[in-house]
Amino acid sequence: MSTNDKPQGGPATYFPSIEKKYGQPIAHWLSLAEGLKGMKHMEMVAWFKTEHGLGHGHANAIVAYQLARK
């Protein structure tokens, strides 16, 4: 996420803190979420928490944003 992209609300408001805390650009996390097609929302959240150590809110924000983009 560039400094010019300011989230207006919703899950994207978590993106700056996700990038800061986990050291990866949001595009990385969304790419991982894209690879989880066929999983339900909470299954995806659990995967991010288990496999990558994300907190629930951060994992949920990534998943919610990805699913809303479809």
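**Exercise 1. Aromatic pairs**

Task: In this predicted model, find how many aromatic pairs the structure holds, and describe the pair formed by tyrosine 22 and tryptophan 29.

Solution.
Step 1. The count is 4 aromatic pairs.
Step 2. A pair of aromatic rings is described by the distance of the centres and the angle of the planes.
Step 3. For tyrosine 22 and tryptophan 29, the centres are 6.1 Å apart and the planes make an angle of 75°. Planes over 60 degrees apart count as edge-to-face, so this pair is edge-to-face.
Step 4. Tryptophan 47 and phenylalanine 48 also form a pair, with 5.1 Å centre to centre and 80° between the planes. This pair is edge-to-face too.
Step 5. Ring pairs join Tyr22, Trp29, Trp47 and Phe48 into a cluster.

**Exercise 2. Burial of three ring residues**

Task: Decide for tryptophan 29, tryptophan 47 and phenylalanine 48 whether each is buried, partly exposed or exposed.

Solution.
Step 1. The cut-offs are under 20% relative accessible area for buried and over 50% for exposed, with partly exposed in between.
Step 2. Tryptophan 29 has 4% relative accessibility, so it counts as buried.
Step 3. Tryptophan 47 has a relative accessible area of 25%, so it is partly exposed.
Step 4. Phenylalanine 48 has a relative accessible area of 0%, so it is buried.

**Exercise 3. The overall build**

Task: State how many helices and strands the protein has, and give the order of its elements from the N terminus.

Solution.
Step 1. There are 4 helices and 0 strands.
Step 2. Read from the N terminus, the order is α-α-α-α.
Step 3. The protein has 70 residues, of which 29% count as buried.
Step 4. The exposed area of the protein is about 4400 Å², and carbon and sulfur atoms supply 53% of it.
Step 5. Take the contacts between residues at least 6 apart in sequence: 43% of them join residues at least 24 apart.

**Exercise 4. The largest nonpolar core**

Task: Name the residues of the largest nonpolar core that touch the most other members, and say which elements give two or more residues to this core.

Solution.
Step 1. The core has 17 residues, and those touching the most other members are Ile18, Ile26, Trp29, Phe48, Leu54 and Ile62.
Step 2. The elements that give two or more residues are helix H1 (15–22), helix H2 (26–34), helix H3 (41–52) and helix H4 (56–68).
Step 3. Take isoleucine 18 as an example. Leaving out residues up to four places away in sequence, isoleucine 18 touches Gly23, Ile26, Trp29, His58, Ala61 and Ile62.

**Exercise 5. The sides of H1 and H2**

Task: Find which residues of H1 are buried and which residues of H2 are buried, then work out how they are placed around each helix axis.

Solution.
Step 1. The buried residues in H1 are Phe15, Ile18, Glu19 and Tyr22. They lie on the same side of H1, because they cover an arc of only 95° around the axis.
Step 2. Lys20 and Lys21 are exposed on the other side of H1.
Step 3. H2 and H4 are what the buried residues of H1 pack against.
Step 4. In H2, Ile26, Trp29, Leu30 and Ala33 are buried. Seen down the axis, the buried residues of H2 fall within an arc of 100°, so they line one face of the helix.
Step 5. The cover over the buried residues of H2 includes H1, H3 and H4.
Step 6. Glycine 23, just after H1, has a positive phi of about 70°.

**Exercise 6. A salt bridge**

Task: Identify the partner of lysine 37 in a salt bridge, and compare how accessible lysine 37 and its partner are.

Solution.
Step 1. Side chains of opposite charge can pair when their charged atoms come close.
Step 2. The count is 1 salt bridge. Lysine 37 forms a salt bridge with glutamate 34, and the closest N and O atoms are 2.9 Å apart.
Step 3. A salt bridge needs these atoms within 4 Å, so the distance of 2.9 Å meets the cut-off.
Step 4. Lysine 37, at 58% relative accessibility, counts as exposed. Glutamate 34, in helix H2, is partly exposed at 33%.

**Exercise 7. Proline 11**

Task: Locate proline 11 and list what it is in contact with, leaving aside neighbours within four places in sequence.

Solution.
Step 1. Proline 11 is in the segment before H1.
Step 2. Its relative accessibility is 26%, so proline 11 counts as partly exposed.
Step 3. Its contacts are Ala61, Ala64 and Tyr65.
Step 4. Proline 11 and alanine 61 are 50 residues apart in sequence, and their C-alpha atoms are 4.5 Å apart in space.

Terms used
Residues numbered from 1 in each chain as written. Heavy atoms only, no water. Core = buried A, V, L, I, M, F, W, Y, C linked by side-chain atoms within 4.5 Å. Buried < 20%, exposed > 50% of the residue type's maximum accessible area, 1.4 Å probe, protein only. Contact = heavy atoms within 4.5 Å. Arc of directions from axis to C-beta. Phe/Tyr/Trp six-rings, centres within 6.5 Å; stacked < 30°, edge-to-face > 60°. Salt bridge = Lys/Arg side-chain N within 4 Å of Asp/Glu carboxyl O. Areas by Shrake-Rupley, 256 points an atom, 1.4 Å probe, with all protein chains shown as cover.
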